[in-house]
Amino acid sequence: MIESILKFLSAYVEKLPRIGVPKDKQAHFIVGAVLFFLLAACGAPTLLAVGIVSLTGAAKEIYDHFHPDLQTCDFFDWLATTLGGLFALAVWSVL
């Protein structure tokens, strides 16, 4: 099940438009926004949801640091995830 989800997501990332931002940063942004919306829809307070998104992004980058053969640890990946959560917070506040 998880493998099929990852295959779907990786195919989606390849279809992202070229906007001057690397595709992996776009993917981190989207994941941060989606995670925020899921948490907020489940009733989590919005600031707590942003905190969880940011901590999840940081935990992923720490994991990457200790497993360099799988992924690279990048501060800007964490930043993109957190900004995705903050963007989703702004959209959620307007709705």
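Q: Why are F75 and W78 separated by about one helical turn?
A: This is a predicted model. Both residues sit in helix 4. They are about one turn apart because their spacing along the helix is three residues.

Q: What kind of aromatic pair do F75 and W78 form?
A: A pair of aromatic rings is described by the distance of the centres and the angle of the planes. For F75 and W78, the centres are 5.4 Å apart. The planes meet at 40°, and the pair is tilted.

Q: What kind of aromatic pair do F75 and F76 form?
A: The centre-to-centre distance is 5.4 Å. Planes over 60 degrees apart count as edge-to-face. The planes of F75 and F76 are 75° apart, so the pair is edge-to-face.

Q: Is W78 buried, partly exposed or exposed?
A: Buried means under 20% relative accessible area, and exposed means over 50%. W78 has 24%, so this residue is partly exposed.

Q: How far apart are the end C-alpha atoms of helix 3?
A: Helix 3 covers residues 46-66, which is 21 residues. At 1.5 Å a residue, the helix should span 30 Å. The distance in the model agrees: 31 Å.

Q: Within what arc do the buried residues of helix 3 fall?
A: The buried residues are A49, V50, V53, S54, G57, E61 and D64. Seen down the helix axis, they line one face, because they fall within an arc of 135°.

Q: Which helices do the buried residues of helix 3 pack against?
A: The face turned away from the buried side carries the exposed residues L47, L55, H65 and F66. The buried residues pack against helix 2 (23-41) and helix 4 (75-94).

How values were computed. Residues are numbered from 1 along each chain as its sequence is written. This is a predicted model: local features need pLDDT of at least 70, side-chain atom pairs count only at pLDDT 80 or more; totals for chains, interfaces and linings use all residues. Side-chain values use heavy atoms; hydrogens and water are left out. Helices (H or I, at least four residues) and strands (E, at least two) are DSSP runs, numbered from the N terminus. The expected span of a helix is 1.5 Å times one less than its number of residues. Buried means under 20% relative accessible area, exposed over 50%, partly exposed in between (1.4 Å probe, protein chains only). The arc is that of the directions from the helix axis to the C-beta atoms. Contact means heavy atoms within 4.5 Å. Rings of Phe, Tyr and Trp (its six-membered ring) pair if their centres lie within 6.5 Å; planes under 30 degrees apart count as stacked, over 60 as edge-to-face and the rest as tilted.
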